[in-house]
Amino acid sequence: MAQNLTLKVSGLGHSLTLNVSPSATLGDVMKEVESKTSLPAGYQRLIGPGLKRTVDEDVTLESLGIQDRTKFLLLHSKNFADDQKGILAITEIQKEISQLEANIKTEKPEVVHELVTRICCKLDGVDTNGSSILREMRKEAIMKAESLDPMPQRK
């Protein structure tokens with residue numbers, strides 16, 4: 001059985017240590033980075049030994065020749081630049097959701113319902129420009145906001 005690899009990933013304000021199997025794919029590493037940074041895999045670009053400009057995410061670390069204690073630089077991908085306006089808009093609205101969640105007990109149910117409705121309308125107004133990542137981010141934010149609504153819509 002192959003020993004796990006310890007990888008160092010740093011950049012964009014993050015410094016991570018990952019323990020992964022040599023048979024893990026580059027996509028697996030990116031998902032692990034996403035779980036620790038909240039930066040979706042589609043917005044990540046990893047730079048390091050064995051990584052060409054465009055590398056298939058399904059290729060294993062072993063086949064790339066990645067060794068134990070390899071260091072990677074984490075940067076934003078081109079997709080991030082394309083979607084940055086939408087990302088910033090959703091991030092700001094997510095802050096509103098968190099603020100509502102923190103103050104929910106001090107508000108009347110009718111007020112919370114109205115605030116949730118307003119937040120969902122703002123999220124609906126965020127243009128995803130066909131980006132599946134932005135659509136998923138928006139969907140998750142809507143679901144979180146709706147989960148706070150004490151007066152959900154009846155169907």
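A search of the whole structure, which is a predicted model, finds six salt bridges. Three of these are described here, among them two that lie within a single helix and one that joins two helices.

In helix H1, the side chains of Glu32 and Lys36 meet in a salt bridge, with a distance of 3.9 Å from N to O, a value that falls within the 4 Å allowed for such a contact. The two residues are four positions apart in that helix, which corresponds to about one turn. Glu32 is partly exposed, its relative accessible area being 31%, and Lys36 is likewise partly exposed, with a relative accessible area of 43%.

A pair with the same spacing occurs in helix H4, where Glu114 and Arg118 are also four residues apart, about one turn of the helix. The closest N and O atoms of Glu114 and Arg118 are 3.1 Å apart, and the two residues form a salt bridge. Glu114 is partly exposed, with a relative accessible area of 35%.

The salt bridge between Lys144 and Glu101 has its closest N and O atoms 3.3 Å apart. Because Lys144 lies in helix H5, which covers residues 132–148, and Glu101 lies in helix H3, this pair ties together parts of the chain that are 43 residues apart in sequence. Both partners are partly exposed, Lys144 with a relative accessible area of 36% and Glu101 with one of 37%.

Charged residues also appear on the surface in another arrangement, in that Asp28, Asp56, Glu57 and Asp58 gather there in a patch of negative charge. Of the members of this patch, Asp28 is placed in helix H1, the helix that also holds Glu32 and Lys36. Asp28 is partly exposed, at a relative accessible area of 37%, and therefore passes the requirement of over 30% that is set for residues of a patch.

Aromatic contacts were examined next, and the count comes to one aromatic pair. This pair is formed by Tyr43 and Phe80, whose ring centres are 5.7 Å apart and whose planes stand at 80°, so that the arrangement is edge-to-face; the angle qualifies because planes over 60 degrees apart are placed in that class. The pair links distant parts of the chain, since Tyr43 belongs to the loop between helix H1 (26–37) and strand E3 (44–47), whereas Phe80 belongs to helix H3 (residues 78–103), with their positions 37 residues apart in sequence. Both Tyr43 and Phe80 are buried. Helix H3 thus contributes Phe80 to the aromatic pair and Glu101 to the salt bridge with Lys144.

Two residues with unusual signs of the backbone angle phi were also noted, and each is found in a loop. Ser38 has a phi near 70°, a positive value in a residue other than glycine. The place of Ser38 is in the loop between H1 and E3, the loop that also contains Tyr43. In contrast to the buried Tyr43, Ser38 is exposed, with a relative accessible area of 62%. For Leu12, phi is near 55°, again a positive value in a residue other than glycine. Leu12 is found in the loop between strand E1 (5–11) and strand E2 (14–20), where it is partly exposed at a relative accessible area of 35%. Although Leu12 and Leu74 are 62 residues apart in sequence, their C-alpha atoms are 6.5 Å apart in space.

Further C-alpha separations concern residues of helices H4 and H5. Lys139 is found in helix H5, the helix that also carries Lys144, and with a relative accessibility of 46% Lys139 counts as partly exposed. The C-alpha atoms of Lys139 and Cys120 are separated by 9.8 Å, the two residues being 19 positions apart along the chain. In helix H4, which covers residues 109–124, lies Leu123, and this residue is buried, with a relative accessible area of 0%. The C-alpha atoms of Leu123 and Asp149 are separated by 15 Å, with the two residues 26 positions apart along the chain.

Conventions. Residues are numbered from 1 along each chain as its sequence is written. Side-chain values use heavy atoms; hydrogens and water are left out. Rings of Phe, Tyr and Trp (its six-membered ring) pair if their centres lie within 6.5 Å; planes under 30 degrees apart count as stacked, over 60 as edge-to-face and the rest as tilted. Buried means under 20% relative accessible area, exposed over 50%, partly exposed in between (1.4 Å probe, protein chains only). Patches are made of residues with over 30% relative accessible area and no salt bridge: like charges are joined within 9 Å, nonpolar side chains (Val, Leu, Ile, Met, Phe, Trp, Tyr) within 5 Å. Accessible areas come from the Shrake-Rupley method with a 1.4 Å probe; for residues, only the protein chains shown count as cover. Lys and Arg count as positive and Asp and Glu as negative; His and the chain ends are not counted. The place of a charge is taken as NZ of Lys, CZ of Arg, CG of Asp or CD of Glu.
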